[in-house]
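Reader: I have a model open in front of me, and I would like to know what stands behind the words used to describe it. Could we go through them one at a time?

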Amino acid sequence: MRFITIGLAAAAMAVGMAGASAQTMSYSDAGALLAQSCGKDITKYCAKVNLGDGALKDCMLSQKSKISPQCLTDYQTVVASITKRNAAQMSVAKLCKNDVVRHCQGMVAGDAHFLSCLNAASRVVTAACNQAIVDAGWR
């Protein structure tokens, strides 16, 4: 039960603090990484903090001088990856618009099945579109 609480706290911290690998980190992987490297610090310095509204992030930042270097490094990695993932998710429709027209006739970016079509046509879809889909965590 304690590990689950630390994992949830780390995931909340990752999402609350969100910001050049080819792929981005999933929220689950981000939470697991932070639980592993920050779990002891969270338990020691912020155990009584509510998870919501950025309170955990604020607590951890207020204790920054006491937090382990590995936690701080992993936190920066998580923020960068989640930020990149969010930006990619917002850009897929725009970056893939021409690919949808060329390879997924009858669909428009934003339709429920256009992503499945783009993934099926990945060999002929532009590199920018493919990379955005990968970075968005959708392939």
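Reader: What makes residues of α2 count as buried, and which are they?

Author: Buried means under 20% relative accessible area, with exposed over 50% and partly exposed in between, for a 1.4 Å probe and protein chains only; in α2 the residues that meet this include A30, G31, L34, A35, S37, C38 and G39. This is a predicted model, in which local features need pLDDT of at least 70 and side-chain atom pairs count only at pLDDT 80 or more, while totals for chains, interfaces and linings use all residues. Residues are numbered from 1 along each chain as its sequence is written, and side-chain values use heavy atoms, with hydrogens and water left out.

Reader: How do you know that α2 has a kink, and where is it centred?

Author: The bend at a residue is the angle between axes fitted to the seven residues ending there and the seven starting there, and in α2 there is a kink of about 65 degrees centred on C38. The end C-alpha atoms of this helix, residues 27–46, are only 21 Å apart, short of the 28 Å that a straight helix would reach at 1.5 Å a residue.

Reader: Why are α2 and α4 called roughly antiparallel?

Author: Their axes come within 9 Å and cross at roughly 160 degrees; angles over 145 count as roughly antiparallel, under 35 degrees as roughly parallel, 65 to 115 as roughly perpendicular and the rest as oblique, and α2 and α4 are therefore roughly antiparallel to each other.

Reader: Which residues of α2 and α4 meet?

Author: With contact meaning heavy atoms within 4.5 Å, Y27, L33 and D41 are among those in α2 that meet a set in α4 including Q70, Y75 and N86.

Conventions:
Helices (H or I, at least four residues) and strands (E, at least two) are DSSP runs, numbered from the N terminus. The expected span of a helix is 1.5 Å times one less than its number of residues. Axes are lines fitted to C-alpha atoms, for helices over the stretch in contact, and angles run from 0 to 180 degrees between N-to-C directions.
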